[in-house]
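Here are some short exercises to work through with the model open beside you. Try each task before you read its solution.

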Amino acid sequence: MLNEQYEKFAKLNIYQIYPRSFMDSNNDGNGDLVGIISKLDYLKELNINAIWISPFFSSPMVDNGYDISDYLDINPIFGTFDDFKKLIFEAHKRGIKVIVDLVANHCSTKHRWFQEAIKDKNSKYHDYFYFFDEKPNDWQSCFYGSAYEFVPSLNQYYLHSFAVEQADLNWENEEVRKEIRDIVDFYVENGVDGFRCDVLDMISKNFNNPDGNHNGPRLHEFIRELFDRPHLKNIFTVGECWCTTVENLVSFVGQDRHELSTSFQGDVVNVGINNCDKFIKGEFKYSDIAKNLDKWQKISQNEDFLYTLFYENHDRLRSATQFASADVSRYQLVTGLATMMYFLRGVPFIYQGQEIGSLNSNFSSILDFDDIETKNYYKDHVNLLDESEIIKRLNWNSRDNARRPICWDDSTYGGFSNRDPWIKLDTNKDLINVKKDLLSENSIYKYYSKIFDLRNKNEVFTIGEYELVELNDSSYIYKRKRGNEEFLIIISFADHNKINTYGFNQIVLSNSKYKEIPSEFKKLDAIVLKK
Ligand code: TEU
């Protein structure tokens, strides 16, 4: 049984905002907090009830805000602290909770702490980071190259798990942990409802682990020290821990652990991604997605924890590209996948642009990309591969695919700004934009809005029981049950599919606009039925 607190978390419908690319209110080419405020009604119409905003704090933007130089201040391109307070107020007024990103594994090398640390080995801030006279191991940065950078003035190396400009913080130091607790408390005092915790599984290091710095020996102790404090009882926390095993995930999110409300898990989103090189397209079947969903439904139900339901975030390609098939329309694909996932048990997340079925863009030059990981991949491969092959790979899985400004309409700047934005607009602007979806009766946006409305109105979808009915290469059928209420959810993976509907006869939602249950289902037809 989920406890009362977890039941509340299960009722969140979370929409992720990448603020630089959401809405530009002052026409400087960058999205901002006032831009977000202007779109809260749009989000309310979508029936979401929480937003997670990627970092908008002071930052030199080497990794687009995941390199923070002052945790307690707002990056001027995003606005002011007053704008932030206003955003909280306006969101709460509409019943929308606000979740911010806590990037605590590392900070920008422009942060005062790091600047002091490299000035003087005897400064207390030197011990805020991991400095070494010799490299302790061969760890590689997640953005390619060594994870250690030499500082000539100190004659020492420091650890950076990501960009050279993102120095890992030394959580063994009690003062560092106190600083992070103070940051959390500061935002809670200012009205924040939750935290998405960036690479939280990296904060405790084991330098003897040749595979890198995940799940170090003091990890759970550190998380509890941070979040298991009485005044944070109602605060929602989602870890970016990418747990792969059941034991690992449960160790963070078990209700009796007092660590995290939930944590991301990558099995679903990694379907169709080559696991040696993410920039190479892999193979998949729709039933592979369903199998992963079903597996984690059963586990999270047995172990009483909340699973995260998501297809996209700011680090990924667009799911309408990732899971496209030549014989399925974009509408059918996106609504079919959405029905499959978002009636399940767990906390749903959708990423900006997903609600209109955004696709990857198609560019022809490295100059059209901005992301540091993408540019480093290009540098590493430019002498090994044909230019066209590299660009093909970037168009497939550069993080920039998720970071192009939202196209609110099909005007020159997509209604995002009135000038060229910080990164090139999505090349699909004329085909896929918000205005078009809002005007159409049967758009992807309207379909998502119905899904979240159903979740909001029926506890059976949020805290009801999950039961698998059928799962094979041609269909996935499951039930959600609570008391006398039962719903049957069907997703067909094949054409001319004769499906048993088990006596459920009323259509609650159908992505094929069926008025009656058809005798044969088409590929990616999705239908929600009750008796
Ligand atoms: O991402 C961490 C993470 O898991 C990355 O290694 C991810 O796999 C990456 O995007 C490679 O494709 C988080 C943030 O979500 C990301 O935007 C940041 O760049 C990163 O941490 C560093 O803060």
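A polar contact is a pair of N or O atoms within 3.5 Å. Keep that cut-off at hand, and bear in mind that this is a predicted model.

**Exercise 1: the ligand site**

Task: Find out which residues come nearest to the ligand, and look at the polar side-chain atoms that face its oxygen atoms.

Solution:
- Step 1. Start with the shell, where 17 residues surround the ligand and Asp63, Asp198, Lys278, Asp315 and Glu373 come nearest.
- Step 2. Sort the shell by class: 9 residues are charged, 5 are nonpolar and 3 are polar.
- Step 3. Turn to His106, which has a side-chain N or O atom 2.8 Å from an oxygen atom of the ligand.
- Step 4. For Asp198, the distance from a side-chain N or O atom to a ligand oxygen is 2.8 Å.
- Step 5. At Asp315, a polar side-chain atom is 2.5 Å from an oxygen atom of the ligand.
- Step 6. Finish with the area: the ligand taken alone exposes 500 Å², and the protein buries 88% of that.

**Exercise 2: the open sheet**

Task: Trace the order of the 8 strands in the open sheet and find which strands stand at its edges.

Solution:
- Step 1. Reading across the sheet gives E13-E12-E11-E5-E2-E1-E15-E14, with parallel pairing.
- Step 2. E13 and E14 (308–309) each have a single partner strand, so one side of each is left without a neighbour in the sheet.
- Step 3. For one pair, take E1 (residues 14–17) and E15 (residues 347–351), which are parallel and joined by 3 bridges. Here Ile14 is opposite Phe349 of E15.

**Exercise 3: around strand E12**

Task: Describe how E12 pairs with E11 and with E13, and where its side chains point.

Solution:
- Step 1. E11 (residues 194–197) runs parallel to E12, with 4 bridges between them. Phe195 sits opposite Thr237 of E12.
- Step 2. E12 also pairs with E13 (residues 262–263), again in the parallel sense, over 2 bridges. Gly239 is opposite Ser263 of E13.
- Step 3. Now add the helices. H7 (residues 219–227) joins E11 and E12 in a right-handed β-α-β unit, and H8 (residues 246–253) takes part in a right-handed β-α-β unit with E12 and E13.
- Step 4. Within E12 (residues 236–239), Phe236 and Val238 point one way, Thr237 and Gly239 point the other way, and all are buried.

**Exercise 4: two positive phi values**

Task: Asn27 and Val199 both have a positive phi. Is Asn27 buried or partly exposed? Is Val199 buried or exposed?

Solution:
- Step 1. Recall the background: most residues other than glycine have a negative phi.
- Step 2. Asn27 has a phi near 55° and belongs to the loop between E1 and H2 (33–38). Because its relative accessibility is 32%, Asn27 counts as partly exposed.
- Step 3. Val199 has a phi of about 30° and is in the loop between E11 and H7. Its relative accessibility is 8%, so Val199 counts as buried.

**Exercise 5: a loop asparagine**

Task: Locate Asn170 and name the side chain with which its own makes a polar contact.

Solution:
- Step 1. Asn170 is in the loop between E10 (166–168) and H6 (174–189).
- Step 2. The relative accessible area of Asn170 is 6%, so this residue is buried.
- Step 3. Its side chain makes a polar contact with that of Tyr130, at 3.3 Å.

Conventions: Residues are numbered from 1 along each chain as its sequence is written. This is a predicted model: local features need pLDDT of at least 70, side-chain atom pairs count only at pLDDT 80 or more; totals for chains, interfaces and linings use all residues. Side-chain values use heavy atoms; hydrogens and water are left out. A residue is near a molecule or strand if one of its heavy atoms lies within 4 Å of it. A polar contact is a pair of N or O atoms within 3.5 Å; within protein, one must be able to donate a hydrogen and the other to accept it, and residues adjacent in sequence count only if both atoms are side-chain atoms. Accessible areas come from the Shrake-Rupley method with a 1.4 Å probe; for residues, only the protein chains shown count as cover. Ala, Val, Leu, Ile, Met, Phe, Trp, Tyr, Cys and Pro count as nonpolar, Asp, Glu, Lys and Arg as charged, and the others, Gly among them, as polar. Buried means under 20% relative accessible area, exposed over 50%, partly exposed in between (1.4 Å probe, protein chains only). Two strands pair if DSSP finds at least two bridges between them. A crossover is right-handed if, with the strands pointing away from the viewer, the path from the first strand over the helix to the second runs clockwise.
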